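Please open the structure in a viewer and keep the selection panel at hand. The tour proceeds by selection, one stop at a time.

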Amino acid sequence: MQMQSPKGTRDLLPKESHAWQWVEQIMREEAALAGYREIRTPVFEHTELFLRGVGDTTDIVQKEMYTFLDKGGRSITLKPEGTAGAVRALVEHRLYTEPLPIKIYYLNSPIFRYENPQHGRLREHHQFGMECFGTMEPSADAEVILSILSVLNRIGLKNLSVKINSIGCPVCRPGYHEALKAFLTRRVDRLCPLCKERLERNPLRVLDCKVEGCREASRGAPSILDYLCGECDAHFTTLKALLSTRGLEAQVDSGIVRGLDYYTKTVFEIIVQTPKGEMTLCGGGRYDGLVEQIGGPSLPGVGFGIGTERIILEMQNQGVSAPEPRLTDVFLASLDDEGRRAAFNACMELRAAGVKADCDHQARSLKSQFRYADKLGVRLVAVVGGEELARGAVRLKSMADGVESEALLEELAPLVLKRLENESV
RNA sequence: GUGGGUGUAGUUCAGUGGUUAGAGCGCCAGAUUGUGGCUCUGGAAGUCGUGGGUUCAACUCCCAUCACCCACCCCA
């Protein structure tokens, strides 16, 4: 049997990694602009963290976690989402003793979910996330939404839409649960088996079901928005106003309930319209009770996670490509053994001067070296050897126009630097 | 987890029971003396996903298995 990467995993190959780096750079810059600092937490955590954080009625916890016992008998789980680990670290290291709010982000943290792979759905994927702790203000909710939108806009993605909703808080949600449960119970016979269970433990999730019967059954269901308490309602109204101020008319969609239990008040998704339907790029919201559930102080929070694979996928769909860095600017070709030594030496000198330089490592013919240099897309080729080398010189050829000139070896670095700068392509 | 499709060189694919399995692109090299892109010529490269079975004979038929793709489910 041939070795291959495990089901649902992918190798990031050199020809695509530059696109990732470009996207990462934009994420870092936007996070930094908003005062967020990077945090890196372990790939695995105690299973307990996710049971308490993510919620044990969720699909993620019930059937999608990579959980195993380690050799010490501890139950360990590979991160199925990014927020819980960040919250654990925040609590463990008392980061909340710093001036509030605490703003942190994680970049391409690997995320694991055991499910059937499909387009844009892997068992291991990577997420960028921003989390803001210690403020109840809707401006924080607006900030994280606008930050990630700014990232997506800078990348150049089109056809994006933002859906928001409020799912209330411990004050108002019980009342809504009751009303929703009463409503659905009257139509229970039309619900799918899964939703019949959900009805008891988490009726909100029935609204998210895609089964036709359930969709019909939930038509005309009471809306959470009608049950929000004064505080939640005011929060939601202000958030919408803030987004609107920034020219963002978010689509209010009471069907957005999210797959994680820790959310309170604001939940949102960023969707992209594709020819095959819509794809969720980003999901997030407010989680005012989470820090306390994890064993920390009562500290509100709001944030999001976004899948990098999906961003890259959609970039390809939309024909958006990251600028491709030139691999090598100058190639040192050699004519003979003496030239090979000198070319190697000159190559290292150029690198020391900050020039992307390379030389022949295959002992190839000059013709082949040129062919190779051409494929690399280099801008200048220096031919080292022969009678020029005896005079301490090389022939320097510009690959774009084929023009050659002679250059002294000892002046090569400054000359090359100047030419690369002048003819910057 | 359920249902459908696919699996042949690095890659995109041809090849449906019969000698040493093919093509385009890519890769490597050559086309007279020290030079790329175009063209021409040559070369390397495949346990035909894996394991069983049927047959005188299997890439081709059957079974299983693995992986990928698509749908459901869910979401990033």
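The stops below cover the RNA surface, two groups of strands, the cysteines and one glycine.

This is a predicted model, in which local features need pLDDT of at least 70, side-chain atom pairs count only at pLDDT 80 or more, and totals for chains, interfaces and linings use all residues. Residues are numbered from 1 along each chain as its sequence is written, chains are lettered from A and ligands numbered from 1 in the order in which they are written, and side-chain values use heavy atoms, with hydrogens and water left out.

**Stop 1: RNA strand B**

Select RNA strand B and the residues near it, where near means that a heavy atom of the residue lies within 4 Å of the strand. The selection holds 49 residues, and the closest are H119, R205, D208, R258 and M399. By class, 23 are charged (Asp, Glu, Lys and Arg), 15 polar (the others, Gly among them) and eleven nonpolar (Ala, Val, Leu, Ile, Met, Phe, Trp, Tyr, Cys and Pro). On the RNA side, sugar or phosphate supplies 54% of the atoms of RNA strand B within 4 Å of the protein, and bases supply the rest.

Next, display the polar contacts, which are pairs of N or O atoms within 3.5 Å; within protein, one must be able to donate a hydrogen and the other to accept it, and residues adjacent in sequence count only if both atoms are side-chain atoms. R113 places a polar side-chain atom 2.7 Å from a sugar or linking oxygen of RNA strand B. At T280, a polar backbone atom is 2.9 Å from a sugar or linking oxygen of the RNA strand. D374 has a polar side-chain atom 3.0 Å from a base nitrogen of RNA strand B. Elements giving two or more residues to this surface include helix 3 (59-63), strand 10 (277-286) and helix 13 (366-376). Helix 13 gives the most, with seven residues. Helices (H or I, at least four residues) and strands (E, at least two) are DSSP runs, numbered from the N terminus.

**Stop 2: the sheet 2-4-3**

Select strands 2, 4 and 3, which form an open antiparallel sheet in that order; strands pair if DSSP finds at least two bridges between them. Strand 2 (44-46) and strand 3 (66-69) are the edges, each pairing on one side only. Strand 3 and strand 4 (residues 75-78) share four bridges, and Y66 has L78 as its bridge partner.

**Stop 3: strand 6**

Which strands pair with strand 6? Strand 5 (residues 102-112) does so in the antiparallel sense over nine bridges, and Y105 is partnered by M130. Strand 11 (residues 301-307) also runs antiparallel to strand 6, joined by seven bridges, with E131 opposite G303. Nine of the ten residues of strand 6 are buried (under 20% relative accessible area, 1.4 Å probe, protein chains only), so the strand is largely enclosed by the rest of the structure.

**Stop 4: the cysteines**

Select C232 and C347. How many disulfides are there? The count is zero, a disulfide being a pair of cysteine sulfur atoms within 2.5 Å. The sulfur of C232 lies 3.4 Å from its closest cysteine sulfur, in C169, which is too far for a bond. For C347 the closest is in C359, at 4.1 Å, also too far. C232 is buried at 1% relative accessible area, and C347 is buried at 0%.

**Stop 5: G386**

Finally, select G386, in helix 14. Its relative accessibility of 35% makes G386 partly exposed (between 20% and 50%). The C-alpha atoms of G386 and D337 are 9.8 Å apart, although 49 residues separate the two along the chain.
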